[in-house]
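This report concerns strand pairing, aromatic pairing and the nonpolar core.

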Amino acid sequence: MKVEVRLFATLQPYLPAGAHGDGVSLELPPGTTVRDVVESLKIPSDLAWLAVVNGRDAAPEDVLSPGDEVAMFPPLAGGA
């Protein structure tokens with residue numbers, strides 16, 4: 001199944017070769033989870049991240065479907 005993955009900020013260096021801009025299209029087996037995507041991109045386990053699938057918060061164990069868009073961000077801090 002094909003899934004679009006976009007990485008932002010400090011996660012961008014983990015995009016594979018051939019990625020365009022901040023994203024890449026990945027061919028993944030059925031049953032792939034958000035955590036599986038993180039592991040396949042070799043994002044270190046001690047690096048914190050937040051995931052959004054199709055515009056909604058996603059947990060590491062969420063199973064992806066064909067055509068999903070996964071966006072990953074480092075945690076944000078700040079404000080007044």
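Rings of Phe, Tyr and Trp (its six-membered ring) pair if their centres lie within 6.5 Å; planes under 30 degrees apart count as stacked, over 60 as edge-to-face and the rest as tilted. The model is predicted: local features need pLDDT of at least 70 and side-chain atom pairs pLDDT 80 or more, while totals for chains, interfaces and linings use all residues. Residues are numbered from 1 along each chain as its sequence is written, and side-chain values use heavy atoms, without hydrogens and water.

One aromatic pair is found in a search of the whole structure. The ring centres of Phe 8 and Phe 73 are 4.8 Å apart and their planes lie at 5 degrees, so the pair is stacked. It links distant parts of the chain, 65 residues apart: Phe 8 lies in the loop between β1 and β2 (23-27), and Phe 73 in strand β5. Helices (H or I, at least four residues) and strands (E, at least two) are DSSP runs, numbered from the N terminus.

Strand β5 takes part in the following pairings, where two strands pair if DSSP finds at least two bridges between them.

| Strands | Bridges | Direction |
|---|---|---|
| β1 (residues 2-7) and β5 (residues 69-73) | Four bridges | parallel |
| β3 (residues 50-53) and β5 | Four bridges | antiparallel |

Within β5, Val 70 is the bridge partner of Val 5, and Ala 71 that of Val 52.

The largest nonpolar core (buried Ala, Val, Leu, Ile, Met, Phe, Trp, Tyr and Cys residues joined through side-chain atoms within 4.5 Å; buried means under 20% relative accessible area, exposed over 50%, partly exposed in between, with a 1.4 Å probe and protein chains only) has 21 residues, and Val 5, Leu 7, Leu 64 and Met 72 have the most contacts inside it. Two or more residues each come from β1, β2, α1 (34-40), β3 and β5.
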